Amino acid sequence: MPKVVSASLSISSIGSNPDNAVQITQLLFDCDNTLVLSEELAFEACAELANEMLEKHNIADRYTGPDLMTTFVGQNFRGLVVGLQKKHGFNISDSEVEEYVNRELGKVIETLEAKAEPCVGVMPVLEELDKSKKYGMAVVSSSALSRVQASVKKVGQEKFFPKDHIFSAATSLPVPTTKPDPAIYLHACKVIGKDPGECVAVEDSKSGTLSAVRAGIPTIGYVGSYGGVIKQQEMAEVLKEAGVKLIMDDWSQFMDCMAQIEAM
């Protein structure tokens, strides 16, 4: 598993390569399990609804939260519903999809407001980035906007991100979508006024990485929220294949990752 060798750089010591025509000025963070430890909580909340769908269509299979997370991590609930229909060969109407999406959102927000915590080590990094003002910062998520807002508010991160720089593939676009579609990253760049090459994304999932990479954004893969060294190594390989530039397993490595990207 590739690692950043040192975690000793500060913001002031990071500088772009003078031979590089594009300077990095904007950071785009995924939310779930990148900024906020929310994926397990969210999938726990939506497993009940997924199983309800399967039972309604006389399908014997059942899912736990971890089962769903393994298969659908990085996607929003709408994408999960589409995936379940394809995998198990059933169809539900658009109105039913909307009903399930709204029910899931309420359950997840309630859970996150009670239990969400920041990812380990991310708060000091955000504090330093905010203090330096070197980069703009935004959140780019597949999850519904109200869920993302509830997550960052619960863990004290909303102060780091302008209100109009929190983006949701489920909510912010004219037509809802989910990662790995690059639409939400392209939309975020357009709203912020940055070219994709001026940005760096941080993602923890294959679908999120593909979304950012397909949008033309250099991407750092974060595997620190995955439990155990073996799982982190497995996910590092998955993210490398999806196109990340660097892997970090701890937020203390972020400044080194940025220095390396800006020297590329």
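This passage walks through the confidence, cores and helix packing of one structure.

The structure is a predicted model. On the whole the scores look like this: the average pLDDT along the chain is 91, and 92% of the residues reach at least 70. The start of the chain is another story, as residues 1–10 keep a pLDDT under 50. For that stretch, the model has 24 contacts beyond four places in sequence.

Turning to the inside, the largest nonpolar core is made up of 38 residues. L27, F29, L129, F161, I220, W251 and F254 are the ones with the most contacts inside this core. Helix α10, which covers residues 254–262, supplies the largest share of the core, namely five residues. There is also a second core, separate from that one, with 29 residues. V73, L84, Y100 and L239 are among its members.

Strand β1 spans residues 26–29, and Q26 is part of this strand. Q26 has a relative accessibility of 3%, so it counts as buried, the cut-off being under 20%. Leaving aside residues up to four places away in sequence, Q26 touches Y135, G136, M137 and A138, along with I192, K194, E198, C199 and V200.

Next come two helix pairs. Two packed helices are described by the angle between their axes and by how far apart those axes are. Helix α1 (residues 39–56) packs with helix α2 (residues 65–72) at about 105°, and the axes are 8 Å apart. An angle from 65 to 115 degrees counts as roughly perpendicular, and α1 and α2 are therefore roughly perpendicular to each other. On the α1 side, the residues that meet α2 are E39, E40, F43, E44, C46, A47 and A50. Their partners in α2 are G65, L68, M69 and F72. Sorted by class, the contact of α1 with α2 holds seven nonpolar residues, one polar residue and three charged ones.

The other pair is helix α4 (residues 94–115) with helix α6 (residues 145–154), which pack at an angle of about 5° with axes 9 Å apart. Angles under 35 degrees count as roughly parallel, and α4 and α6 are therefore roughly parallel to each other. From α4, the contact takes in E104, L105, V108, I109, L112, E113, A114 and K115. From α6 come S146, R147, A150, S151 and K154. In the contact of α4 with α6, six residues are nonpolar, two are polar and five are charged.

How values were computed: Residues are numbered from 1 along each chain as its sequence is written. This is a predicted model: local features need pLDDT of at least 70, side-chain atom pairs count only at pLDDT 80 or more; totals for chains, interfaces and linings use all residues. Side-chain values use heavy atoms; hydrogens and water are left out. Axes are lines fitted to C-alpha atoms, for helices over the stretch in contact, and angles run from 0 to 180 degrees between N-to-C directions. Helices (H or I, at least four residues) and strands (E, at least two) are DSSP runs, numbered from the N terminus. Angles under 35 degrees count as roughly parallel, over 145 as roughly antiparallel, 65 to 115 as roughly perpendicular and the rest as oblique. Contact means heavy atoms within 4.5 Å. Ala, Val, Leu, Ile, Met, Phe, Trp, Tyr, Cys and Pro count as nonpolar, Asp, Glu, Lys and Arg as charged, and the others, Gly among them, as polar. A nonpolar core is a set of buried Ala, Val, Leu, Ile, Met, Phe, Trp, Tyr and Cys residues joined through side-chain atoms within 4.5 Å. Buried means under 20% relative accessible area, exposed over 50%, partly exposed in between (1.4 Å probe, protein chains only). pLDDT is the predictor's confidence in each residue, from 0 to 100.
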